[in-house]
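User: I'd like to learn how to read a structure like this one. Could you walk me through it?

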Amino acid sequence: QNSKGNSVTGYEWWWTMSPYSFRTNYTYAFRVRGSESPPGELWYCNVGGSNVVRPVVSLKSCVEVSGNGTVNDPYIPTIDSDCALADN
């Protein structure tokens, strides 16, 4: 939800970065339904159309994040040298 308590994704479907399957003429990927109806519904579909891709960022478990994700207080990841060298 945004800072006004409204859905930021509405009823739209959003592509994930996770593939479902690859076929001769099509590539299928997972997509998730916006938070209005029903929240978080997961499905797969051939890639294309007017859906939007939501980028994914993977962080090491030792990365510290400040902020609450709003426009006025965005998430800010920080990493120290020990974390940078860690395997996770």
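Analyst: Happy to! Start with the order of elements: in this predicted model, the protein chain runs β-β-β-β-β-β-α from the N terminus on. That gives six strands and one helix.

User: What share of the 88 residues is buried?

Analyst: Buried residues make up 14% of the protein chain. For the surface as a whole, look at the exposed area: about 6,900 Å², with carbon and sulfur atoms supplying 52% of it.

User: Let's zoom in on one residue. Where is Y75 placed?

Analyst: Y75 sits in the loop between β5 (64–66) and β6 (76–78).

User: And is Y75 buried or exposed?

Analyst: Compare its relative accessible area with the cut-off: exposed means over 50%. Y75 has 55%, so Y75 is exposed. The same reading works for V57, in the loop between β4 (52–53) and β5: V57 counts as exposed because its relative accessibility is 68%.

User: Which residues does Y75 touch, leaving aside those up to four places away in sequence?

Analyst: Y75 touches V65, S66, G67, N68 and G69. Take V65 as a check on sequence against space: V65 and Y75 are 10 residues apart in sequence, and their C-alpha atoms are 6.3 Å apart.

User: Which residues make the nonpolar surface patch?

Analyst: V57, L59, V65 and Y75 make this patch, with an area of about 440 Å². So the two exposed residues we looked at, Y75 and V57, both belong to the patch.

User: One last item: how do I read contact range across the chain?

Analyst: Take the contacts between residues at least 6 apart in sequence: 32% of these join residues at least 24 apart.

Terms used
Residues are numbered from 1 along each chain as its sequence is written. This is a predicted model: local features need pLDDT of at least 70, side-chain atom pairs count only at pLDDT 80 or more; totals for chains, interfaces and linings use all residues. Side-chain values use heavy atoms; hydrogens and water are left out. Helices (H or I, at least four residues) and strands (E, at least two) are DSSP runs, numbered from the N terminus. Buried means under 20% relative accessible area, exposed over 50%, partly exposed in between (1.4 Å probe, protein chains only). Contact means heavy atoms within 4.5 Å. Patches are made of residues with over 30% relative accessible area and no salt bridge: like charges are joined within 9 Å, nonpolar side chains (Val, Leu, Ile, Met, Phe, Trp, Tyr) within 5 Å. Accessible areas come from the Shrake-Rupley method with a 1.4 Å probe; for residues, only the protein chains shown count as cover. A salt bridge is a side-chain nitrogen of Lys or Arg within 4 Å of a carboxyl oxygen of Asp or Glu.
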